Amino acid sequence: MSATNTAPTVPGAAAHSHGPGSPVPVQTRSQRFRSTDPAAFPAVTGREVDWKLTPVDRVRDLIDGELDGSPIATTVSEAAGVSAEWVDPEDARIGAAGTPEDRASANAWARTEKALVVTLTAEERVEVTIDRTGPDHAPRASHTVIVAKPNARGIVVIDNRGSARLSENVEIVVEDGANLTVVSLQEWDDESVHLSAQFARVDKSATLKHVVVSLGGSIVRVNPSAALAGEGATGNLYGLYFSDAGQHLEQQVFVHHIAPHTVSDVLYKGALNGAGARTVWIGDVLIGRDATGTDSYEANRNLVLSDGTRADSIPNLEIETGDIAGAGHASATGRFDDEQLFYLRSRGISESESRRLVVLGFLLEIVQKIGQESLEQRLIAAVERELEAVESI
């Protein structure tokens, strides 16, 4: 009688030379396991590649627990050529941009009872705000789909303020020739927890500018991914974050160049101040074998304002074709630029004001990319309030 050893199958794993059934993580980001069924994912232990830098125990209820999937209180501003509607999960537009690659995202997907679909059709630029301000302390699930129809132009701001314990999926579809900016703004109250998986598909000759701004909340994890699926598609992914004492702000960014002659620019900048301030940035760029003529660059910059902080910054670049225009990545974490401080102080500006100006200038590069003056002014004021709380400046 013979016995056969079998190891459990792990989604997203492949056979390993250590023996049959020994699973190893998939090495290419695009090959990660995906499913809308949370039960299809193994239990999250905190050792997984996509969870090892996240305080899993503090978000366990959003990963595994029951979530209220009824529509959350939302106001969508009115504009010509813009429609908003709540639809059933079976609607054909659900899943058009992507599907979950982690258990929390799948849990939110499965629990959502109605999804909000916002559609832009106007070829003249429109401005839309999805306002989700207010107190909501129960663990919630949410799903939002933003569609820019061919040649549409617009900016959509997802404005998150108040209190929340929210796990959500956001899908963004930018159809042929459209030009869309999506700003995900997290100014939550101090106790809020927010997990957001954001998927984008950018079609032929279309452009997406995606901006993540995380300033408030206890734990905020926003993971955007962009598939540049059509020839000549452009994806510009930017981010700004300011982590205070005890605050965890995380971004895991993925850009997949699928079609030829696509372009991407990824730039995330953050500041950290106070004991226990923590930021995580992981940037994955994959240039596929058919993505000839690609031009891509990603960078992450972190400015440390005090002791007791931690910034994890991990850029990754995979290239499957030799015929590209260019590709690169960079990461830097450090304190103030002494030359900048010297320059300002030599012109009669006090040391504290010089430090404030250096930090403000560092962060506002991202704010100025948004392209909506009223929102830019609001964020400048918010960053200045953050700086007022920094005792060392």
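The paragraphs below lead through a predicted model, beginning with its two domains and the interface between them and ending with salt bridges elsewhere in the chain.

The chain is divided into domain 1, which covers residues 29-335, and domain 2, which covers residues 337-392. Taken over C-alpha atoms, the centres of domain 1 and domain 2 are separated by 26 Å. Contact between the two involves 30 residues of domain 1 and 22 residues of domain 2. Between them, domain 1 and domain 2 bury about 2,200 Å², and 65% of this area lies on carbon and sulfur atoms. On the side of domain 1, the residues that lose the most area to domain 2 are Leu240, Phe242 and Lys269, which together account for 26% of what that side buries.

Polar and charged pairs also cross this interface. The rule finds 3 salt bridges between domain 1 and domain 2, and it finds 7 residue pairs in polar contact across the interface, with both residues of a pair at pLDDT 80 or more. The elements that give two or more residues to the side of domain 1 that touches domain 2 are strand E8 (153-174), strand E9 (179-188), strand E11 (207-214), strand E13 (234-243), strand E15 (263-272) and strand E17 (295-304). Of these, E13 provides the largest share, with 5 residues. Sorted by class, the side of domain 1 that touches domain 2 consists of 15 nonpolar, 5 polar and 10 charged residues.

Lysine 269 deserves a second look here. Listed above among the domain 1 residues that lose the most area to domain 2, lysine 269 also meets glutamate 365, side chain to side chain, in a salt bridge with an N to O distance of 2.7 Å.

From the interface we turn to the structure as a whole, where a search finds 27 salt bridges. In one of them, the side chains of aspartate 88 and lysine 114 meet at 2.6 Å, N to O. This pair links distant parts of the chain, 26 residues apart, since aspartate 88 lies in the loop between strand E4 (82-87) and helix H2 (103-111), while lysine 114 lies in the loop between H2 and strand E5 (115-120). Aspartate 88 counts as partly exposed at 37% relative accessibility, and lysine 114, with a relative accessible area of 31%, is partly exposed as well.

Another salt bridge joins the side chains of arginine 310 and aspartate 312, at 2.9 Å from N to O. Arginine 310 has a relative accessible area of 44% and is therefore partly exposed, whereas aspartate 312 has a relative accessible area of 13%, which means that aspartate 312 is buried, the cut-off being under 20%.

A further salt bridge is formed by the side chains of glutamate 384 and arginine 356, with 3.6 Å between N and O. Because glutamate 384 lies in helix H5 (residues 373-388) and arginine 356 in helix H4 (residues 351-367), the pair ties together parts that are 28 residues apart in sequence. Glutamate 384 is partly exposed at 29% relative accessibility, and arginine 356 counts as partly exposed at 24%.

Finally, salt bridges can also be followed beyond single pairs: Arg29, Arg32, Arg34, Glu101 and Asp284 are linked in a network of salt bridges.

Terms used:
Residues are numbered from 1 along each chain as its sequence is written. This is a predicted model: local features need pLDDT of at least 70, side-chain atom pairs count only at pLDDT 80 or more; totals for chains, interfaces and linings use all residues. Side-chain values use heavy atoms; hydrogens and water are left out. Domain bounds come from an automatic or database domain assignment. Contact means heavy atoms within 4.5 Å. Buried area is the accessible area (1.4 Å probe) that two parts lose on being put together, summed over both. A salt bridge is a side-chain nitrogen of Lys or Arg within 4 Å of a carboxyl oxygen of Asp or Glu. A polar contact is a pair of N or O atoms within 3.5 Å; within protein, one must be able to donate a hydrogen and the other to accept it, and residues adjacent in sequence count only if both atoms are side-chain atoms. Helices (H or I, at least four residues) and strands (E, at least two) are DSSP runs, numbered from the N terminus. Ala, Val, Leu, Ile, Met, Phe, Trp, Tyr, Cys and Pro count as nonpolar, Asp, Glu, Lys and Arg as charged, and the others, Gly among them, as polar. Buried means under 20% relative accessible area, exposed over 50%, partly exposed in between (1.4 Å probe, protein chains only).
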